[in-house]
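The following note sets out points for a colleague who is examining this structure. It is arranged as numbered paragraphs, each on one topic.

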Amino acid sequence: MNPIFFALLFIGLVILFSSFFTVKQQTAVVIERFGKFLSIRNSGLQLKLPIVDRIAGRVNLRIQQLDVIIETQTKDNVFIKMKVSVQFKVVQENVYEAFYKLEYPHDQITAYVFDVVRAEVPKLILDDVFVRKDDIAIAVKRELNEAMMAYGYDIINTLVTDIDPDIQVKNAMNRINAAEREKTAAMFESDAQRIRIVAKAKAEAESKKLQGKGIADQRREIAKGLVESVEVLNNVGINSQEASALIVITQHYDTLQAIGADTNSNLILLPNSPQAASDMLNNMVTSFTASSIMGEQMKNQPKRVKNRENKTSMDYNPSDTSNPEEPKK
């Protein structure tokens with residue numbers, strides 16, 4: 001066989017196989033002929049003229065994500081770092097614009113993100129940046145859509161995924177938060193203390209009330225018992241004074257017995273003779289008698305003063321010339 005034939009056959013096979021190429025799913029291929037745009041080929045097996053046509057480039061049609069980290073300043077002069085994630089894709093009908101009009105799409109998107117973020121964030125204080133991060137993302141998406149649609153790119157979504165203030169600002173914010181929580185805890189503790197004090201005061205008031213009622217009932221029953229005791233003694237021929245003396249002496253010895261029954265008692269009752277009980281009874285009778293006399297005198301005194309005043313007003317008549325006693329000048 002002629003070697004030239006084998007060489008031509010080999011070259012022919014290479015040219016034949018080079019005429020076929022495949023395009024992956026969600027990918028577009030740009031074909032040029034002698035350096036001029038010819039066509040756009042989609043996924044599948046494709047054919048081009050060898051040597052004449054060439055593959056100028058492949059364009060990815062899947063959704064892509066670009067993370068942009070920006071350092072900017074807030075309205076209250078706090079420097080923060082923000083991470084903005086931009087999700088975009090090339091519109092299949094605009095592959096020509098995406099391939100020929102824009103050479104570095106990532107750089108273009110990054111520049112627009114920087115421009116929008118540094119225009120929006122300085123209008124807000126740090127707290128509002130955290131609260132209104134969605135508004136910032138919407139503003140970025142709006143500006144990017146208007147700018148990138150002309151180049152065949154569609155902005156799917158923009159997300160503010162991270163807001164990172166300076167470490168000193170973080171520490172200050174944590175201290176403020178801790179102070180606020182301590183203040184709230186102190187308020188709750190003071191309220192609890194006030195509730196405990198009020199509840200304790202109410203309990204003490206109720207206890208005093210019940211204690212006073214018990215003492216009053218006790219004294220009432222004691223008085224009833226004394227009355228019954230005096231009546232029993234009167235029935236056996238003992239007068240009221242003797243009965244009272246007997247009851248006082250009995251209670252005196254009952255008190256001494258109660259004191260002696262307690263081994264830990266430090267109370268000393270002086271004097272503790274029977275005569276002391278009799279003296280105490282006499283003193284009580286004397287004081288009751290004196291109180292009764294003073295009470296009677298105080299009741300009668302206003303009437304006497306009133307009668308004296310009426311008598312004076314009736315006896316004295318300045319127009320009566322027959323009055324032997326003239327008022328002194």
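1. Length of H3. This is a predicted model, and helix H3 (105-120) offers a simple check of its geometry. The 16 residues of H3, at 1.5 Å a residue, should span 22 Å, and its end C-alpha atoms are 23 Å apart, which agrees.

2. The buried face of H3. Five residues of this helix are buried, namely Pro105, Ile109, Val113, Val116 and Val117. Viewed down the helix axis, the buried residues of H3 fall within an arc of 95 degrees, so they line one face. An α-helix has 3.6 residues a turn, so residues three or four places apart point the same way. Asp107 and Asp115 are exposed and sit on the face of H3 turned away from the buried side. The partners against which the buried residues of H3 pack are E6, E7, H5 and E8.

3. The nonpolar core. Which residues have the most contacts inside the largest nonpolar core? They are Val113 and Val117, in a core of 35 residues. Elements that give two or more residues to this core include the strands E2 (27-33), E6, E7 and E8, together with the helices H2 (95-100), H3, H4 (126-131) and H5 (133-148). Beyond four places in sequence, Val113 touches Val68, Ile70, Val84, Val86, Val140 and Leu144. In soluble globular proteins, nonpolar side chains tend to be buried together.

4. Strand pairing around E7. Strand E7 (residues 79-90) runs antiparallel to E6 (residues 64-73), to which 10 bridges join it. Within the partner strands, Glu71 stands opposite Lys81 of E7. E7 is also joined to E8 (residues 153-165) by 11 bridges, again in antiparallel fashion. Here Val86 has Thr158 of E8 as its bridge partner.

5. The E6-E7 hairpin. Five residues separate E6 from E7 in this hairpin. Asn77, in the loop between the two strands, has a positive phi of about 60 degrees although it is not a glycine. Most residues other than glycine have a negative phi, and most peptide bonds are trans. Is Asn77 buried or exposed? Its relative accessibility is 57%, so Asn77 counts as exposed.

6. Thr74, in the hairpin loop. Thr74 also lies in the loop between E6 and E7, but its relative accessible area is 3% and it is buried. The side chain of Thr74 makes a polar contact of 2.4 Å with that of Asp76. Leaving out residues up to four places away in sequence, Thr74 touches Ile80, Val121, Pro122, Leu124, Ile125, Leu126 and Val129. Of the loop residues discussed here, Thr74 is thus buried, whereas Asn77 is exposed.

7. Phe34. A positive phi is found at Phe34 too, near 55 degrees, in a residue other than glycine. Phe34 lies in the loop between E2 and strand E3 (36-41). With a relative accessibility of 69%, Phe34 counts as exposed. The reader may wish to inspect this loop alongside the hairpin loop of point 5.

8. Asn157 in E8. Asn157 belongs to strand E8 and is partly exposed, with a relative accessible area of 29%. How many residues along the chain lie between the positions of Asn157 and Ser85, as a separation in sequence? They are 72 residues apart, while their C-alpha atoms are separated by 8.2 Å. Apart from neighbours within four places in sequence, Asn157 is in contact with Ser85, Val86, Gln87 and Lys141. Val86 is also the residue paired with Thr158 and one of those touched by Val113.

9. Strand E1. The strand E1 (residues 20-23) has a covered face formed by Phe21 and Val23, and an uncovered face formed by Phe20 and Thr22. In a regular strand the side chains alternate between the two faces of the sheet. E1 runs antiparallel to strand E4 (residues 44-47), with four bridges between them. Val23, from the covered face, stands opposite Gly44 in E4.

10. The protein as a whole. Eight helices and eight strands are present. Of its 329 residues, 20% count as buried. Among contacts between residues at least 6 apart in sequence, 62% join residues at least 24 apart.

Notes: Residues are numbered from 1 along each chain as its sequence is written. This is a predicted model: local features need pLDDT of at least 70, side-chain atom pairs count only at pLDDT 80 or more; totals for chains, interfaces and linings use all residues. Side-chain values use heavy atoms; hydrogens and water are left out. Two strands pair if DSSP finds at least two bridges between them. A nonpolar core is a set of buried Ala, Val, Leu, Ile, Met, Phe, Trp, Tyr and Cys residues joined through side-chain atoms within 4.5 Å. Buried means under 20% relative accessible area, exposed over 50%, partly exposed in between (1.4 Å probe, protein chains only). Contact means heavy atoms within 4.5 Å. The expected span of a helix is 1.5 Å times one less than its number of residues. The arc is that of the directions from the helix axis to the C-beta atoms. A polar contact is a pair of N or O atoms within 3.5 Å; within protein, one must be able to donate a hydrogen and the other to accept it, and residues adjacent in sequence count only if both atoms are side-chain atoms.
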